[in-house]
Structures are given as C-alpha cells and as structure tokens.
Amino acid sequence: MTERTRKIVVIIITILLAAWMILAGVGKLMQPEEVLQMWDKWGYPAAFMMFIGVAEIAGSIGLFIPKFRKLAALGLIIIMIGAVVTHGINDEYSNLMGPIIAIFMLVLTIVLRRPIAQEE
C-alpha cells in the first residue's frame with residue numbers, strides 16, 4: 001500500500017468513526033427515555049451516560065487534531081471496551097458487533113498512521 005493510499009484510507013476511516021461516535025454521543029446527551037432505561041438496567045447513572053456522551057464527542061474531535069489523535073483513539077477504545085463488557089455481561093450479544101468494529105477501526109487508524117519503515 002502506498003503512503004498516499006494509506007493516508008486516504010485513514011482519512012476515510014477517521015471521518016466515518018468520528019461521525020459514528022458523534023452521533024452516539026449526541027444520542028446519549030439527548031437522553032431519550034429508552035436509552036435512559038437501558039443505562040438504568042445496566043446499573044449506570046444518567047450522569048455517567050452524559051459523561052460517556054461528552055467523551056465520545058470529544059474523542060471524535062480529537063481524532064482530527066494531530067497532537068491528540070492517538071490519545072483520542074485510545075480513549076474511544078477504552079469506551080468501546082466498556083461497551084463490549086457491558087453488553088456481554090447483560091447477555092446482549094447482538095449489540096457486541098458495533099463496539100468491536102469500532103475498536104478494530106480505531107486500532108487500524110493508529111497502526112496506519114505510523115510511518116512506513118524504509119527498506120534498505
């Protein structure tokens with residue numbers, strides 16, 4: 001894969017991830033009744049849902065700031081691991097694929113942004 005192709009792939013993945021995480025974060029901040037009920041069922045307070053929503057939005061923005069890109073991706077990975085654990089503990093296996101795909105895409109953005117080792 002050429003350097004140009006890698007950059008294009010990373011930009012596309014980053015835009016898709018950011019849009020996805022922003023929508024997820026806004027959905028939590030709007031606190032629709034069904035989402036509040038889910039979080040209550042899981043044993044999490046509404047304030048934690050608000051924190052996660054803000055963190056998802058902040059992480060999405062951070063993906064576009066070179067100085068914070070890796071930290072933002074790592075923060076979002078932690079949030080997505082929490083989602084996987086939460087859905088797994090609550091036997092919501094059909095909800096696992098989204099966070100797992102997000103983790104994969106976030107790791108991919110970190111790996112693809114690393115410089116290519118020069119061949120000798």
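1. Let me start with a residue that is easy to overlook: Glu56 is buried, with a relative accessible area of just 2%. The model here is a predicted one, so please read every value below as computed from that prediction. Glu56 does have a charged partner, since its side chain meets that of Lys28 in a salt bridge, at 3.1 Å from N to O. The pair links distant parts of the chain: Lys28 sits in helix 1 and Glu56 in helix 3 (residues 46–62), 28 residues apart. Lys28 is buried as well, at a relative accessible area of 14%.

2. How many salt bridges does the structure hold? There are 3. As general background, side chains of opposite charge can pair when their charged atoms come close.

3. Another of these pairs is local. Glu3 and Arg6 form a salt bridge through their side chains, with an N to O distance of 3.8 Å. Both belong to helix 1 (residues 3–29), and because they are 3 residues apart there, about one helical turn separates them. Is each partner buried or exposed? Glu3 counts as partly exposed at 35% relative accessibility, while Arg6, at 10%, counts as buried.

4. Lys41 and Glu92 also meet in a salt bridge, here with 2.6 Å between N and O. Lys41 lies in helix 2 (residues 33–42) and Glu92 in the loop between helix 4 (69–89) and helix 5 (97–113), so this pair ties together parts that are 51 residues apart in sequence. The two ends sit in contrasting surroundings: Lys41 is exposed, with a relative accessible area of 53%, whereas Glu92 counts as buried at 11%.

5. Now for the helix packing. Helix 4 and helix 5 pack with their axes 9 Å apart, at an angle of about 160°. Angles over 145 degrees count as roughly antiparallel, and therefore these two helices are roughly antiparallel to each other. The crossing of helix 4 past helix 5 is left-handed.

6. Which residues make that contact? On the helix 4 side they include Leu74, Leu76, Ile77, Met80, Ile81 and Val84; on the helix 5 side, Ile100, Ile103, Leu106, Val107 and Ile110 are among them. Sorted by class, the contact of helix 4 with helix 5 has 15 nonpolar, 1 polar and 3 charged residues. Arg69 and Lys70 in helix 4 take part, as does Arg113 in helix 5.

7. Helix 4 also packs against helix 3. Their axes come within 8 Å and cross at roughly 145°, and this crossing is left-handed. In helix 3, Ile52, Ala55, Glu56, Gly59, Ser60 and Gly62 meet Arg69, Ala72, Leu76, Ile79 and Met80 in helix 4. By class, that contact has 6 nonpolar, 3 polar and 2 charged residues. Glu56 thus returns from point 1: it is in the salt bridge with Lys28 and in the contact between helix 3 and helix 4.

8. Finally, the overall picture. The protein has 5 helices and 0 strands, which gives the pattern α-α-α-α-α along the sequence. Its C-alpha trace spans about 55 × 25 × 20 Å along the principal axes. Of the 120 residues, 34% count as buried. Among contacts with a separation of 6 or more, 64% come from residues 24 or more positions apart.

Conventions. Residues are numbered from 1 along each chain as its sequence is written. This is a predicted model: local features need pLDDT of at least 70, side-chain atom pairs count only at pLDDT 80 or more; totals for chains, interfaces and linings use all residues. Side-chain values use heavy atoms; hydrogens and water are left out. A salt bridge is a side-chain nitrogen of Lys or Arg within 4 Å of a carboxyl oxygen of Asp or Glu. Helices (H or I, at least four residues) and strands (E, at least two) are DSSP runs, numbered from the N terminus. Buried means under 20% relative accessible area, exposed over 50%, partly exposed in between (1.4 Å probe, protein chains only). Axes are lines fitted to C-alpha atoms, for helices over the stretch in contact, and angles run from 0 to 180 degrees between N-to-C directions. Angles under 35 degrees count as roughly parallel, over 145 as roughly antiparallel, 65 to 115 as roughly perpendicular and the rest as oblique. A crossing is left-handed if the near helix is turned anticlockwise from the far one by less than a right angle, and right-handed if clockwise. Contact means heavy atoms within 4.5 Å. Ala, Val, Leu, Ile, Met, Phe, Trp, Tyr, Cys and Pro count as nonpolar, Asp, Glu, Lys and Arg as charged, and the others, Gly among them, as polar.
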